[in-house]
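Biologist: I have a structure open on my screen and would like to learn how to read it. Could you take me through some features one at a time?

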Amino acid sequence: MLASESQPKGKLHSCLTIDVEDWFHILDSPAVPGIEHWTSLESRIERNLEELLAVLDSFSVKVTFFWLGWLAERHKNLVCMCRDSGHEIASHGYAHVLAYEVGPNAFREDITLARDILENTIGDQIRGFRAPGFSITKKAPWAFDVIKESGYQYDSSVFPASRGHGGIADSPLGPYFIETRSGHLLEIPMSIVKIFGHRTSLFGGGYLRLANKLMIKWGIDKLQTAGRPLIIYVHPREIDPAHPHLPLSLLRQFKCYVNLSSTLPKLKWLCKNYALFTMLEMVENYIRSFYLESRMIPVMRLRNNQASGELSPESEERTYPANPETFRNRLLLVERAMADFLGPLSPAFSPDTESSGIEANAKL
Ligand SMILES: [Zn+2]
């Protein structure tokens with residue numbers, strides 16, 4: 001799937017991601033049944049996932065499934081079916097907990113359990129993680145350390161805009177590395193565009209259901225111009241308007257259930273009109289394009305690490321520092337982070353690519 005030639009700036013890097021959970025895995029409402037009740041509820045995951053797989057297959061599109069561990073251990077055949085169809089398996093945690101609510105220890109336990117279940121099911125490494133409810137916020141900066149320590153290589157949990165729960169409203173909009181206690185974690189934040197100066201999504205959940213195709217296309221064009229990736233996210237329940245509805249507050253009912261019948265047609269339209277990849281393929285292509293264009297992916301540090309979790313803006317710059325020594329050090333840091341991510345066996349990191357990218361720049 002990797003392009004063999006340099007990709008021009010503005011090329012759209014795009015992926016489709018599916019958070020695999022059932023209709024009752026909604027967050028942050030007293031009307032949502034606790035985990036002790038889940039086994040007694042009707043499950044609609046099988047029919048919804050099979051329908052999604054058939055649609056994806058009809059367009060030959062490969063995606064990333066962020067599986068909830070609780071569901072995966074009950075539907076191992078479905079996890080394998082996704083893997084056998086060529087899709088990427090990633091983790092959505094085990095019990096659908098909000099990171100900022102449960103704290104570091106319970107969060108570590110939850111995401112490690114999910115990873116173990118998924119890896120034992122497919123017999124392969126799980127590299128990607130997405131927190132339920134995009135719940136890595138300024139209240140939970142420790143989560144990046146915990147995710148990396150738990151063996152994940154990339155994270156897709158940051159929603160860089162305000163939202164009901166979760167979200168870091170002022171975080172960077174494009175992918176970046178975060179320096180954690182145990183190495184670099186690649187962060188792929190959700191796709192956001194500005195409308196009248198306000199950051200918003202048009203590409204997943206209720207945002208995708210509310211926006212019409214013209215708006216979505218406008219948003220994708222904006223991402224492409226800005227050189228940022230398109231990340232689409234949906235849930236299996238969103239293609240199933242007949243699923244049972246929970247007695248949520250009016251606002252939450254609107255957010256969770258508006259325009260459900262529009263999800264599937266929009267997904268088909270996206271699959272037909274855009275080259276969608278798994279998240280792993282997309283980020284490998286993205287990193288490789290940076291090499292080939294002699295650009296650096298930002299490396300962020302957590303300022304006042306445990307206190308506020310602010311991402312340090314001074315390390316966000318995308319231009320090369322004037323001082324050659326600083327430049328070289330920064331380059332080596334990014335090179336290590338990129339190589340860390342791609343790994344020695346990745347076809348994206350061939351010796352030719354290395355010499356035409358980083359090494360050539362280091363001599364400047
Ligand atoms: Zn979820």
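Biologist: Let me start with a helix: which residues of helix H3 (residues 76-84) are buried?

Modeller: Happy to help, and please keep in mind that this is a predicted model. In H3, the buried residues are Leu78, Val79 and Cys82.

Biologist: Why do those three end up on the same side of H3?

Modeller: The general idea comes first: an α-helix has 3.6 residues a turn, so residues three or four places apart point the same way. In this case, the buried residues span an arc of only 105° around the axis, and therefore they sit on the same side of H3. On the other side of H3 you will find Asn77 and Asp84, which are exposed.

Biologist: And what covers the buried residues of H3?

Modeller: The cover includes helix H1 (45-58), strand S2 (64-67), helix H2 (69-72), strand S3 (88-91) and helix H4 (99-122). After H3 comes Gly86, with a positive phi near 95°.

Biologist: Now a pair of helices. At what angle do H4 and helix H5 (residues 142-149) pack?

Modeller: In general, two packed helices are described by the angle between their axes and the distance between the axes. Here H4 and H5 pack at about 10°, and their axes are 10 Å apart. Because of that angle, H4 is roughly parallel to H5. H4 brings Ala99, Pro104, Phe107, Arg108 and Ile111 to the contact, while H5 brings Trp142, Ala143, Val146 and Ile147. By type, the residues of this contact are eight nonpolar, no polar and one charged.

Biologist: Which residues does Ala143 touch, leaving out those up to four places away in sequence?

Modeller: Ala143 touches Ala99, Phe107, Ala131 and Ile136. Ala143 also stands out in the largest nonpolar core, which has 91 residues: together with Phe65, Trp67 and Val283, Ala143 touches the most other members.

Biologist: One last feature, the backbone angles. Which residue in the loop between H1 and S2 should I look at?

Modeller: Look at Ser60 in that loop. Ser60 is not a glycine, yet its phi is positive, about 50°. Is Ser60 buried or exposed? A residue counts as exposed if 12 or fewer other C-beta atoms lie within 10 Å of its own. Ser60 has 8 within 10 Å, so Ser60 is exposed.

Biologist: And where does Phe196 lie?

Modeller: Phe196 is in the loop between strand S8 (193-195) and strand S9 (198-200). Phe196 too has a positive phi of about 50° without being a glycine. With 5 other C-beta atoms within 10 Å, Phe196 is exposed.

Note on methods: Residues are numbered from 1 along each chain as its sequence is written. This is a predicted model: local features need pLDDT of at least 70, side-chain atom pairs count only at pLDDT 80 or more; totals for chains, interfaces and linings use all residues. A nonpolar core is a set of buried Ala, Val, Leu, Ile, Met, Phe, Trp, Tyr and Cys residues joined through C-beta atoms within 7 Å. A residue is buried if 20 or more other C-beta atoms lie within 10 Å of its own, exposed if 12 or fewer, and partly exposed in between; C-beta atoms are placed from the backbone. Two residues are in contact if their C-beta atoms, placed from the backbone, lie within 7 Å. Helices (H or I, at least four residues) and strands (E, at least two) are DSSP runs, numbered from the N terminus. The arc is that of the directions from the helix axis to the C-beta atoms. Axes are lines fitted to C-alpha atoms, for helices over the stretch in contact, and angles run from 0 to 180 degrees between N-to-C directions. Angles under 35 degrees count as roughly parallel, over 145 as roughly antiparallel, 65 to 115 as roughly perpendicular and the rest as oblique. Ala, Val, Leu, Ile, Met, Phe, Trp, Tyr, Cys and Pro count as nonpolar, Asp, Glu, Lys and Arg as charged, and the others, Gly among them, as polar.
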